[in-house]
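Open the model in your viewer and keep the selection panel at hand. The stops below go from one helix to its surroundings, then to the core and the charged pairs.

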Amino acid sequence: MEIGVSEESLKEAEKFVEAEEGAASHFKGEPGIPHCDGVLMSLFHMYAAYAIVPAQVLRAIHVGFVLFLSFFLFPVAPRFRDRIMAFDVVLALLSVAAIAYMLVDFDDFIYRAVTPSRWDLFFGTALILLILEALRRTSGGSCWEWC
């Protein structure tokens, strides 16, 4: 006697999960950018467990990996779940640029905290907006129900 779940039950369960958690991308085919990012993030965290990485640097790199991955895994609206849109790539690259800007000259960046430059303000604001957009996408995006 074989016990299994029917296709209809799986689709119904998938609809329930998406209603609660939001739509996720459904990629088919060869592993791509999200898979590579996940592998690189895992390797970096294993390295960080072995080596000494300053907490501020570790946290910034972690946020960069997660933001980059979230823009590929969670579409801006459910109707875009089967493809990667150009603005997803732009947002993912902007999140990497914001983290890279902070880490390239980290010591000076920390000392400029009291009097930030225009670029500090630009990338800081961009990073906050990117985090808010990733939060909206990963928490269901109820404000985009009309899409």
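What should the 21 residues of α6 span at 1.5 Å a residue, and how far apart are its end C-alpha atoms? The expected span is 30 Å and the end C-alpha atoms are 30 Å apart, so the two agree. Bear in mind that this is a predicted model.

**Stop 1: helix α6**

Select residues 118–138, which make up α6. Colour D120, F123, A126, L127, L130, E133, A134, R136 and R137, the buried residues of this helix. Now show what lies against them: the buried residues of α6 pack against α3, α4 and α5, the last of these covering 106–111.

**Stop 2: the α3 and α4 pair**

Two packed helices are described by the angle between their axes and the distance between the axes. Select α3 (55–73) and α4 (86–104). The two axes come within 8 Å and cross at roughly 175 degrees. An angle over 145 degrees counts as roughly antiparallel, so α3 is roughly antiparallel to α4.

To see the interface, display side chains on both helices. On the α3 side, the residues that meet α4 are V57, A60, I61, V63, G64, L67, F68, F71 and F72. Their counterparts in α4 are D88, V89, L91, A92, L93, S95, V96, I99, M102 and L103.

**Stop 3: S95**

Stay on α4 and pick S95, which is placed in that helix. Is S95 buried or exposed? S95 is buried, because its relative accessible area is 0%, and buried means under 20%. Setting aside residues up to four places away in sequence, S95 touches L67, F68, F71 and L130. Of these contacts, L67, F68 and F71 also appear in the list of α3 residues that meet α4, while L130 is among the buried residues of α6.

**Stop 4: the largest nonpolar core**

Which residues touch the most other members of the largest nonpolar core? They are V53, L67, F71, A92 and L127, out of 21 residues in that core. At least two residues come from each of α2 (33–50), α3, α4 and α6. The largest contribution is from α3, with eight residues.

Centre the view on V53. Leaving out its neighbours within four places in sequence, V53 is in contact with F44, Y47, A48 and L58.

**Stop 5: the salt bridges**

How many salt bridges does a search of the whole structure find? The search finds four.

Begin with R112 and D120, whose closest N and O atoms are 2.7 Å apart in a salt bridge. D120 is buried, at 8% relative accessible area, whereas R112 is partly exposed, at 23%.

Next select E133, which takes part in two bridges of α6. In one, the side chain of E133 meets that of R136, at 2.8 Å from N to O. R136 and E133 are three residues apart in the helix, so about one helical turn separates them. In the other, E133 pairs with R137, again with the closest N and O atoms 2.8 Å apart. Here the separation is four residues in α6, which also means about one helical turn.

Both arginines count as buried: R136 has a relative accessibility of 12%, and R137 has 3%. Finally, add D88 to the selection, as D88, E133, R136 and R137 are linked in a network of salt bridges. D88 is also one of the α4 residues that meet α3, which returns the view to the helix pair of Stop 2.

Methods
Residues are numbered from 1 along each chain as its sequence is written. This is a predicted model: local features need pLDDT of at least 70, side-chain atom pairs count only at pLDDT 80 or more; totals for chains, interfaces and linings use all residues. Side-chain values use heavy atoms; hydrogens and water are left out. A nonpolar core is a set of buried Ala, Val, Leu, Ile, Met, Phe, Trp, Tyr and Cys residues joined through side-chain atoms within 4.5 Å. Buried means under 20% relative accessible area, exposed over 50%, partly exposed in between (1.4 Å probe, protein chains only). Contact means heavy atoms within 4.5 Å. The expected span of a helix is 1.5 Å times one less than its number of residues. Axes are lines fitted to C-alpha atoms, for helices over the stretch in contact, and angles run from 0 to 180 degrees between N-to-C directions. Angles under 35 degrees count as roughly parallel, over 145 as roughly antiparallel, 65 to 115 as roughly perpendicular and the rest as oblique.
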